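This report walks through charged pairs and one helix face. Look over the sequence and the model before reading on.

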Amino acid sequence: MELTAYETVARWAASFSNTGQISIGQGPADDRARKLALLEQFCASAGVDPDTMVAKARADRDAKNGYLRELVAWAKALPGTDRQRHDAENTIRGFFMKNGFRVMTKPYSDVYRRTAP
């Protein structure tokens, strides 16, 4: 099945089809293809299709947290620079958030350890 045929992917892809930030040297079509390829790679790594993943995660907090832990491990294992791995992880987090995942993030240490002015 083509990835964009999944309801969750179609919803997510509609949010970046003509807008959003793109990397220098990439056009919107390149960015869309990159995002979809990353999602396809993550789903293959997790062994589940996007719709099933979202349904399980929305029904069970432990399943959601499991997918988020898998995402972190998957991103760390990707080739490339730290920035590329970070961007790949955020791309998949965007998919999760667009499909109703509550995704909490912790700010960088220099942000939460600042002293009050």
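Start with Arg 83 and Asp 87, which both lie in helix α5, four residues apart, or about one turn of the helix. The model is predicted. Arg 83 and Asp 87 form a salt bridge, and their closest N and O atoms are 3.3 Å apart. Arg 83 counts as exposed, because its relative accessibility is 60%. Asp 87 has a relative accessibility of 28%, so Asp 87 counts as partly exposed.

Helix α5 covers residues 82-98 and also holds Arg 85 and Asp 82. These two sit three residues apart, again about one turn of the helix. They form a salt bridge too, with the closest N and O atoms 2.4 Å apart. Is Arg 85 buried or exposed? Arg 85 counts as buried, at 18% relative accessibility; the cut-off for buried is under 20%. Its partner Asp 82 is exposed, with a relative accessible area of 58%. Exposed means over 50%.

A further pair in helix α5 is Glu 89 and Arg 93, four residues apart and thus separated by about one helical turn. They form a salt bridge. Both Glu 89 and Arg 93 are buried. Elsewhere, salt bridges that share partners join Asp 31, Arg 34 and Lys 35 into one network. How many salt bridges does the structure hold? The structure holds six.

The table sets out the three pairs described for helix α5.

| Salt bridge | Closest N and O atoms | Spacing in α5 |
|---|---|---|
| Arg 85 and Asp 82 | 2.4 Å | three residues |
| Arg 83 and Asp 87 | 3.3 Å | four residues |
| Glu 89 and Arg 93 | 3.0 Å | four residues |

Why can such pairs form? Side chains of opposite charge can pair when their charged atoms come close.

Now turn to helix α3, residues 50-59. Which of its residues are buried? They are Pro 50, Met 53, Val 54 and Ala 57. Seen down the axis of α3, these buried residues fall within an arc of 95°, so they line one face of the helix. The start of α3 has a polar contact of its own. There, a side-chain oxygen of Asp 49 reaches to within 3.0 Å of the backbone nitrogen of Asp 51.

Definitions and conventions. Residues are numbered from 1 along each chain as its sequence is written. This is a predicted model: local features need pLDDT of at least 70, side-chain atom pairs count only at pLDDT 80 or more; totals for chains, interfaces and linings use all residues. Side-chain values use heavy atoms; hydrogens and water are left out. Buried means under 20% relative accessible area, exposed over 50%, partly exposed in between (1.4 Å probe, protein chains only). The arc is that of the directions from the helix axis to the C-beta atoms. A polar contact is a pair of N or O atoms within 3.5 Å; within protein, one must be able to donate a hydrogen and the other to accept it, and residues adjacent in sequence count only if both atoms are side-chain atoms. A salt bridge is a side-chain nitrogen of Lys or Arg within 4 Å of a carboxyl oxygen of Asp or Glu.
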